[in-house]
Amino acid sequence: MIGIIDYGSGNVAAIMNVLRRKRIAHFLSGKPSELAEARSYILPGVGAFDPTMEALTRSGIVAALNEQVLEKRKNVLGICVGMHLLAEGSDEGMAPGLGWIRGRVRRIETARLDRPKLPHMGWNSVSPSGQSPLFRGIDADRGFYFLHSYYFAAADQADVAARVEYGEAMPCAVERGNVFGVQFHPEKSHSNGTRLFENFAELG
Amino acid sequence: MTDRPYQICTNCVMDTSDSQITFDEHGVCDHCRGFERDVLPKWHPDEQGRQEVARTVERIKRSGEGKEFDSILGMSGGLDSSYMLHLVVKEFGLRPLVFHVDGGWNSDIAVNNIEMLVGKLGLDLYTEVINWEEMRDFQLAFFKAGVPHLDIPQDHAFIATLYHFANKHGIKYILNGGNISTECVRNPKEWLYYGTDSAQLKDIQRQFGTRNLKSYPFSSILFHKVYLRYLRGVQVFKPLNLLPYTKQQAIDTLSREYGWKAYPQKHFESRFTRFYEGYWLPTRFGYDTRRVQFSSLILTKQMSREDALRALEQPAYDPATIDDDFEYIASKLRIPVDELRRYHEMPRKTYRDYRNREWMFDLGARVLKAIGVEGATKR
């Protein structure tokens, strides 16, 4: 069972729709005790960094997840702001992140864009950088749906699983051991997105 | 298209490029006469309108008590929907579900405008992303069909998503930015055919499409006009008709309070529509949607006929960048530029060349007009 982490923010309905359609077992919960039962986790996120981090800490989820992810080595997939939370901190706020993958969330540099427009919104192709299991069978040219103004600047390039080009190349997927994060919205990316969720579910 | 001699209305700027237009003995067209006769007497953007707004807002709030949303609002990033969002959230205190349909053609300005507005108002934006492979195929089918109404794949997806969301969330009030002030003259049916005639949509896709549209959102008129309206009691509220609303004042408010940026022309929030209304329709069919837009502004006293005529002398597209636009559109549709040019030159078709339920839509429009729900009808 995948536990989708519910902290009262983010539109999780779209994620659950995809999982339901693909008959991937899952449940939604914000209770640490219930979440402990999950085999892996999806950490969604729509909104700003600080309020999200705050909501997670207050509800005891951070402590619970640290145990499940760092000690029990369960897989976790952060999406959009959920991916940002994996970092050590963010330009968007003051709160420290979970720090599971080294690096910092930075604002997309508009000065270097030929189309100086934020947010980066719409479909974009991606370039997977290695053999990430998440991107198996993905049509990288077709790509994914993006909606963001910040990106995960990973400290260690080995942690970057894919990049996207928007003015400049930036990481759009990170991966370190059992911790995964994607900047784009697989739940809005139709067949590619569905495939990515299936890939994640297959990891166990 | 017809052998009719050229004539232009003496009051607005509609002309015989609208083949069904008629003129009276003063040379005034039926759009203008219809406006005076059917629309003006029922348009009260004054104290009467304000009272109606207050009553309706009260009803909407009551219907939403204890629910996450009390209404639904579709956001294109264009002027009307942007201003309406400001109005209903900031001034009326409503809690709409705000959604945006991304058909793949958002302009950079539109994306920015949506973000600024939603961000400053502290709202969650629900983005419905259309499957691009399907959208591309569907739009190409319309190009190949040779018809003027290429915008329908975008338009229909928007309408269908609106109704699906309203239904799914049990929302009873649809906030609609449609307004007399900037849209009282309607696009002739021949130019932009009904976007919800599924018989037409399906026939064109069957003949020219190359794939099944599995996830593209369809909505039939029976679902949204009959089932939702009469069985689920969903109502449409058009606040912009009940208050003083002008294009300039809306632009001023939005840019001052949200850093919103204006578009060079109505509907140009979509890059596709910019190409389509600015270039394709006028150069292939002789249909210039600015005539309709300017005529609306003339009738509601926001533009002089002289200024409109002067503006119409310039093309709606930028000749300096049109080649870039051609390339952009072709590459997004993944066809060679030459192929796109071929569609531009092919024999012209109309909605009548494909299956349609025009009679049903016309009948519906006439009924709505007769019972006073709608003022102007498309013809």
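**Group meeting: a walk through chains A and B**

Okay, let's start with chain A: of its 204 residues, 48% count as buried. Before I go on, please keep in mind that this is a predicted model. Its scores are ipTM 0.73 and pTM 0.86. For chain B, the average pLDDT is 93, and 98% of the residues score at least 70. As a general caution, predicted coordinates shouldn't be read in detail where pLDDT is low.

So, chain A. You'll find 6 helices and 13 strands in there. How compact is chain A for a globular protein of its length? The radius of gyration comes out at 16 Å, and the globule rule gives 17 Å for 204 residues, which is close, so chain A is as compact as a globular protein of that length. If you lay the C-alpha trace along its principal axes, chain A spans about 50 × 35 × 30 Å. And here's something about how the chain folds back on itself: take the contacts in chain A between residues at least 6 apart in sequence, and 69% of them join residues at least 24 apart.

Now have a look at the sheet in chain A. We have an open sheet of 8 strands with mixed pairing, and the order reads β2-β1-β3-β4-β13-β12-β11-β8. Which strands sit at the edges? Those are β2 (26–29) and β8 (126–128) of chain A, each pairing on one side only. From one strand to the next, the twist averages 25°.

Let's zoom in on one pair in that sheet. Strand β3 of chain A, residues 40–43, pairs with strand β4 of chain A, residues 75–79, in the parallel sense, over 4 bridges. If you want a spot to click on, A:Tyr41 stands opposite A:Val76 in β4(A).

One more stop in chain A, and that's A:Leu70. You'll find A:Leu70 in helix α4 of chain A, which covers residues 61–71. Is A:Leu70 buried, or partly exposed? A:Leu70 has 15 C-beta neighbours inside 10 Å, so it counts as partly exposed; to be buried, a residue would need 20 or more. A:Leu70 and A:Glu34 are 36 residues apart along the chain, and their C-alpha atoms are separated by 18 Å.

Right, over to where the two chains meet. Here 12 residues of chain A are in contact with 14 residues of chain B. On the chain A side, β7 (120–124) and β9 (144–148) each supply at least two residues. The biggest giver is β7(A), with 3 residues. What's the mix of residues on that side of chain A? They divide into 6 nonpolar, 3 polar and 3 charged.

Finally, chain B. Chain B has an open sheet of 5 strands, in the order β3-β2-β1-β4-β5, with parallel pairing. At the edges stand β3 (125–129) and β5 (235–237) of chain B; each has a single partner strand, so one side of each is left without a neighbour in the sheet. The twist in this sheet averages 30° from one strand to the next.

Inside that sheet, β1 of chain B (residues 71–74) and β4 of chain B (residues 173–175) pair in the parallel sense over 2 bridges. There, B:Ile72 stands opposite B:Ile174 in β4(B). And what lies across these strands? Helix α3 of chain B, residues 79–91, lies across β1, β2 (96–102) and β4 of chain B, running at about 150° to β1(B).

That's the tour, thanks everyone.

Methods. Residues are numbered from 1 along each chain as its sequence is written. Chains are lettered from A and ligands numbered from 1 in the order in which they are written. This is a predicted model: local features need pLDDT of at least 70, side-chain atom pairs count only at pLDDT 80 or more; totals for chains, interfaces and linings use all residues. Two strands pair if DSSP finds at least two bridges between them. Axes are lines fitted to C-alpha atoms, for helices over the stretch in contact, and angles run from 0 to 180 degrees between N-to-C directions. Two residues are in contact if their C-beta atoms, placed from the backbone, lie within 7 Å. The radius of gyration is taken over C-alpha atoms; the globule rule is 2.2 Å times the number of residues to the power 0.38. A residue is buried if 20 or more other C-beta atoms lie within 10 Å of its own, exposed if 12 or fewer, and partly exposed in between; C-beta atoms are placed from the backbone. Ala, Val, Leu, Ile, Met, Phe, Trp, Tyr, Cys and Pro count as nonpolar, Asp, Glu, Lys and Arg as charged, and the others, Gly among them, as polar. pLDDT is the predictor's confidence in each residue, from 0 to 100.
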